[in-house]
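Biologist: Could you take me through one part of this model in detail? I would love to hear how its sheet is put together, strand by strand.

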Amino acid sequence: PIYTDYFFDEPAYNTHDGGYVPLEVADAPEMALRIPPLLKPDKETATDTYYTVEAQAGETQLLPGKKTKTWGYNTSLLSQTLVFAKGKTMHIDLKNSLPELTTFHWHGLNVPGPYTDGGCHAPVYPGETKHIDFTVDQPAATLWLHAHPCPSTAEQVWHGLAGMVLVTDDQEAELPFPRNYGVDDIPLVLQDRRFHEDNQWDYNQDYDPDGVQGPTAMINGTINPYFDVTTQRLRLRILDGANRREWRLHFSNDLPFTQVASDGGVMPEPVKFTHLMLTCAERAEIIVDFGSVKPGETVTLYSDDTPLVKFRIHDYQREDVTLPDHLVDIPDPEVTPNMPVRKVVMDGMDEYVMIDGKKFNMQRIDARQQVGNVELWDVKNNNKTDSGMVHPFHMHGTQFLVVSRNGKAPYPNERGYKDTVGVNPGETVRIKVRFDKPGVFMYHCHIIEHEDGGMMAQIEAYDPAHPKTYKLMDMDTL
Ligand code: C2O
Ligand code: CU
Ligand code: CU
């Protein structure tokens with residue numbers, strides 16, 4: 001089948017928010033879509049890769065006229081793309097050249113917490129360089145890197161601190177997917193911004209506790225982008241990198257596309273769509289086949305009614321590829337016997353957001369789960385069904401399986417591993433969670449202002465054979 005709806009509850013779309021900011025096409029010329037370069041390792045051996053990731057301030061030409069003051073990793077805005085090959089050990093210098101404290105969070109990466117994970121307990125102070133090492137042991141996936149200092153994650157991401165991280169492995173490499181980076185394998189970081197006087201961003205002026213939005217779509221740090229397509233098929237690695245905005249994606253003429261991977265990697269089965277909604281921090285890898293489009297034509301990617309990227313189709317070599325019905329086997333571990341179902345409740349909107357009736361406290365561990373145990377979590381969105389919003393629930397330190405939505409089957413593209421799942425108002429999403437690495441890990445709503453506003457908690461994944469203590473930061477010491 002080809003699915004033609006967005007699945008999420010229409011009354012909960014962000015378009016119904018009092019503070020919704022509709023997208024508008026910027027009054028600016030079209031520009032070639034920026035493709036973030038691949039970050040060059042400092043050194044590479046058969047088993048080890050060494051990177052330096054530097055958070056830095058700069059300026060970026062986004063609109064005609066004055067450049068915009070922006071932040072980025074190894075570039076002025078967003079990031080160069082990091083590649084982590086499965087099985088290899090990464091050694092990363094984290095350098096902070098910004099005027100304030102930041103952290104480097106590897107969203108979706110299975111590494112120990114809380115320091116390597118880079119949540120709020122892993123500050124890197126201005127002028128400082130910290131070092132992390134870890135071995136990549138998860139399947140190929142599209143992950144991302146973003147700042148995570150509490151409670152200014154949202155503001156730092158708005159400044160530009162976000163980038164793509166691609167995990168590669170041998171299994172994915174055998175699948176008939178496009179993988180020529182920058183040619184037919186393209187990252188798409190979807191964000192929105194408001195430009196003020198002299199083309200500058202002003203986070204505080206635009207502040208909204210339900211999530212900051214702007215009317216201008218910014219794709220890979222490009223306004224009004226086009227991309228020159230030179231192959232029949234294109235793989236788009238789409239990330240909702242916005243603070244608040246949901247993207248309801250569809251192509252002109254409802255051109256169908258196939259989702260092959262979600263947050264945690266390749267899905268067991270490909271899923272065909274004409275429409276796809278992403279909530280904050282979710283990723284979808286889709287393959288678009290332009291075989292029905294003639295060279296010279298343009299196919300536009302929209303969110304609701306606003307064009308995001310124009311794909312200009314050029315001559316391409318005919319290459320009809322049918323994807324297999326089954327892509328990969330994924331483990332579906334048995335739930336550990338006699339474990340009660342864990343309950344998590346996301347409550348409130350605006351300043352009143354909480355988890356389980358509490359606001360986030362960096363010093364408080366809210367839950368504990370043994371490393372290796374497989375447990376069911378019931379994640380509930382307590383908002384009213386007629387006036388609430390979709391809260392994207394994200395967990396650090398694990399990729400989980402979506403078991404059900406209000407007892408019913410999850411959406412067709414939720415059959416693979418995920419680290420973020422949108423929960424509709426009044427809905428309970430049951431997920432299956434296992435931690436493979438010990439640590440203190442955050443779980444939270446990924447509307448970043450909700451996270452900063454306290455809709456966040458933390459769990460210790462512990463190994464009884466190797467008890468650990470952690471130095472947890474305090475808001476006051478930041
Ligand atoms: Cu995308 Cu707590 O992170
Ligand atoms: Cu994360
Ligand atoms: Cu939320």
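Modeller: Happy to; here is a walk through the sheet, from its overall layout to individual residue pairs. Please keep in mind that this is a predicted model.

The sheet is open and has four strands, arranged in the order β7-β12-β11-β9, with mixed pairing. At its edges stand β7 (82-85) and β9 (105-107); each has a single partner strand, so one side of each is left without a neighbour in the sheet. From one strand to the next, the twist averages 30 degrees.

As background, strands of a sheet pair through backbone hydrogen bonds, and they can do so in a parallel or an antiparallel way. Both kinds appear here. β7 and β12 run parallel and are joined by four bridges. On the other hand, β11 (residues 141-146) and β12 (residues 162-168) run antiparallel, with six bridges between them.

Now to the residue pairs. Trp144 has Met164 of β12 as its bridge partner. Val167 is a nice residue to click on: this β12 residue is the bridge partner of Phe84, and Val167 is also the bridge partner of Ala141. With Phe84 falling in β7 (82-85) and Ala141 in β11 (residues 141-146), you can follow the sheet across three strands through Val167.

Finally, consider how β12 sits in its surroundings. Six of its seven residues are buried, so β12 is largely enclosed by the rest of the structure.

How values were computed
Residues are numbered from 1 along each chain as its sequence is written. Chains are lettered from A and ligands numbered from 1 in the order in which they are written. This is a predicted model: local features need pLDDT of at least 70, side-chain atom pairs count only at pLDDT 80 or more; totals for chains, interfaces and linings use all residues. Two strands pair if DSSP finds at least two bridges between them. Helices (H or I, at least four residues) and strands (E, at least two) are DSSP runs, numbered from the N terminus. Axes are lines fitted to C-alpha atoms, for helices over the stretch in contact, and angles run from 0 to 180 degrees between N-to-C directions. A residue is buried if 20 or more other C-beta atoms lie within 10 Å of its own, exposed if 12 or fewer, and partly exposed in between; C-beta atoms are placed from the backbone.
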